[in-house]
Amino acid sequence: MTMRPIHVVGGGLAGSEAAWQIAQSGVPVILHEMRPTRGTDAHKGEGLAELVCSNSFRSDDSETNAVGLLHAEMRLAGSLIMAAGDKHQLPAGSALAVDRDGFSDEVTARLEAHPLVTIEREEVSGLPPEEWGSTIIATGPLTAPDLAHAIQAETGADSLAFFDAIAPIVHFDSIDMNICWFQSRYDKVGPGGTGKDYINCPLDKQQYEAFVSALIEGEKTGFKKWEGTPYFDGCLPIEVMAERGVETLRHGPMKPMGLTNAHNPTVKAYAVVQLRQDNALGSLFNMVGFQTKLKHGEQVRIFRMIPGLENAEFARLGGLHRNTYLNSPELLDGTLRLKSRPDLRFAGQITGCEGYVESASIGLLAGRFAAAEAKGEMLPLPPITTAFGALLGHITGGHIVSDDEPGKRSFQPMNVNFGLFPTVEVPRAEGKRLRGKEKTIAKKRALTARALVDCRKWLGHAEALAVAAE
Ligand SMILES: Cc1cc2nc3c(=O)[nH]c(=O)nc-3n(C[C@H](O)[C@H](O)[C@H](O)COP(=O)(O)OP(=O)(O)OC[C@H]3O[C@@H](n4cnc5c(N)ncnc54)[C@H](O)[C@@H]3O)c2cc1C
């Protein structure tokens, strides 16, 4: 019996990986890539999986780094992107940097040579027709406008964003709760709240003024010419608000009203920074209203001036970019299918992950889910304890939608990071509890060891199904 092909739209990091996983599982695939017929503002060539900016896949340390762990899981799952990256690796210390041309040529050649892969160089300018059957859309942050508008028409105007406005996210266990306290403004409970939903960091007048000066003086990144300047009311970068006058932030995201310092109730804070829970696990908190174009190093330096955040570890730093991405937790089911049209799956950065490796990994999962479905199999979700499962969980459900910023604005793209994983017992050393840096490293090692065991089990399950189907 000949199998119907699965269609993949977009031959970037995610689409190339998805096509490879589908073909490797024995299902034919048609990959539609619009380049060279039509380009994007960032892609320069016609090769598949083109790296549009840096040539780094970031850390390759699978023991103490979350993206390194994702590399390891992808290698276990037979990733094309990782195989081509490893083959074209350049010296870069503990990072995996690649020769971008060799890498893209390798991905293109291996897909072109695969007997189950057909590559069509054409723009898909509307929503893929239902006659195509199972289709994966992996058209990335610069999805061509006609398709983007068709997706928007299907999902609703607020469901597809064209810019991200990202506020930094902090690991809860790095916040000093001897200085900060939990309280919602005016103790308002609100729907689903407790009256203690925010972490508050108090600043006195001197600290506030020094902080505002640092924001104004801090080094910023510019917008690319083709991005425009996407500022809109209610979403100004924190440093742009600071430039409007020293009092602006005190009347905006840093207003101290309705809050009483639990550690010092008789002293009113001059200004307050609020952080709100970002994931269901309660391990990550985002800095409310702190979207920013400050350079990453500057963000760490300046935001650690905030009392209680002196030792803050950031799961994600802030930014504003041109980026097409869905409100995935609302729109997609657990296996990345559009709830309103389950024949369509999404993969890559358009789902709300961030980065080359993360995008490729979501392509890998979408490809495996689609191939299993085509063969009449049920592929279980990767465990939340794995990097695959943690990232998928963020996209399809882990994020908490807040009432004051509902919908797409509260769901923002994310790199893989340890805050997305369920907590793990930190092993003792010679019967003693570890502290400080030693404890942090031991915890990371325990998380990654657990992840790799669970990932192997999950892949074993996937392989067992494939054998049973033969
Ligand atoms: C300017 C810029 C710089 C970046 N720098 C970095 C960085 O340094 N490091 C990092 O990790 N991440 C970076 N990113 C994020 C990076 O783009 C993504 O992480 C990654 O490339 C996304 O993978 P993807 O497969 O989702 O999309 P892409 O890799 O962009 O692939 C999408 C593909 O779909 C094609 N396509 C689009 N619309 C259509 C259509 N209608 N029909 C057919 N084909 C279509 C495109 O031509 C493209 O080949 C950057 C993003 C941008 C925009």
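Here are some questions and answers about this predicted model.

Me: Let's start with the overall layout: which residue ranges make up domain 1 and domain 2, and what separation do their centres have?

Reply: The domain assignment puts residues 168–317 in domain 2. Domain 1 is given as two segments, 6–163 and 322–469. Taken over C-alpha atoms, the centres of domain 1 and domain 2 are separated by 30 Å.

Me: Nice. Which residues does the UniProt annotation "binding site" cover?

Reply: That label comes from an unreviewed UniProt entry. Leu13, which sits in helix α1, is one of the residues covered. The full set is Gly10, Gly11, Gly12, Leu13, Ala14 and Gly15.

Me: Is glycine 10 buried or exposed?

Reply: Glycine 10 is found in the loop between β1 (6–9) and α1 (13–24). Its contacts beyond four places in sequence are Gly15, Glu33, Ile137, Ala138, Thr139 and Gly140. A residue counts as buried when 20 or more other C-beta atoms lie within 10 Å. Glycine 10 has 30 of them, so glycine 10 is buried.

Me: And leucine 13, what does that residue touch away from its sequence neighbours?

Reply: Leucine 13 belongs to helix α1 and is buried, with 30 other C-beta atoms within 10 Å. Setting aside residues up to four places away in sequence, leucine 13 touches Ala49, Ile81, Gly348, Tyr356, Ser359, Ala360 and Gly363.

Me: Which element gives the largest share of the shell around the ligand?

Reply: The ligand is surrounded by 33 residues, and the closest are Gly10, Gly12, Cys53, Gly140 and Gly348. Two or more residues of this shell come from each of α1, β2 (29–33) and α10 (356–374). The largest share is three residues, and the element that gives it is α1.

Me: How many charged residues are in the shell around the ligand?

Reply: Sorting the shell by class gives 15 nonpolar and 15 polar residues. The remaining class, charged, has three residues.

Me: Turning to the interior, which element gives the most to the largest nonpolar core?

Reply: The largest nonpolar core has 81 residues, and Ala18, Ala19 and Leu391 have the most contacts inside it. With 12 residues, the element that gives the most to this core is α10.

Me: How many residues are in the other core that lies apart from it?

Reply: Among the members of this other core are Ala165, Val272, Phe290 and Ala312. It lies apart from the largest one, and its size is 42 residues.

Me: What is alanine 19 in contact with, leaving aside its neighbours within four places in sequence?

Reply: Alanine 19 is one of the residues with the most contacts inside the largest nonpolar core. Leaving sequence neighbours within four places aside, its partners are Val8, Val29, Leu31, Leu111, Val117 and Gly367.

Me: How far apart in space are isoleucine 6 and histidine 32?

Reply: Isoleucine 6 is found in strand β1 and counts as buried, with 27 C-beta neighbours inside 10 Å. Its contacts beyond four places in sequence include Ile22, Val27, Val29 and Ala370. Along the sequence, isoleucine 6 and histidine 32 are 26 residues apart, while C-alpha to C-alpha they are apart by 11 Å.

Me: Now some backbone details: is the peptide bond from arginine 35 to proline 36 cis or trans?

Reply: Most peptide bonds are trans. Proline 36 is in the loop between β2 and β3 (56–59). The bond that leads from arginine 35 to proline 36 has omega near 5°, and it is cis.

Me: Is phi of tyrosine 186 positive or negative?

Reply: Most residues other than glycine have a negative phi. Tyrosine 186 lies in the loop between β10 (181–182) and β11 (198–203). Phi of tyrosine 186 is near 55°, which is positive.

Me: Is aspartate 187 buried, partly exposed or exposed?

Reply: Aspartate 187 is in the loop between β10 and β11, and its phi is near 55°. A residue is exposed at 12 or fewer other C-beta atoms within 10 Å and buried at 20 or more. Aspartate 187 has 13, so aspartate 187 is partly exposed.

Me: Last one: what distance separates the C-alpha atoms of lysine 432 and glycine 352?

Reply: Lysine 432 is in the loop between α11 (387–398) and α12 (436–469), and counts as exposed with 7 C-beta neighbours inside 10 Å. Lysine 432 and glycine 352 are 80 residues apart along the chain, and their C-alpha atoms are separated by 41 Å.

Notes. Residues numbered from 1 in each chain as written. Predicted model: local features only at pLDDT ≥ 70, side-chain atom pairs only at ≥ 80, totals over all residues. UniProt positions renumbered as here; feature names shortened; annotations may be inferred. Helix = DSSP H or I, 4+ residues; strand = E, 2+ residues; numbered from the N terminus. Contact = placed C-beta atoms within 7 Å. Near = placed C-beta within 6 Å. Nonpolar A, V, L, I, M, F, W, Y, C, P; charged D, E, K, R; others polar. Core = buried A, V, L, I, M, F, W, Y, C linked by C-beta atoms within 7 Å. Domains from an automatic or database assignment.
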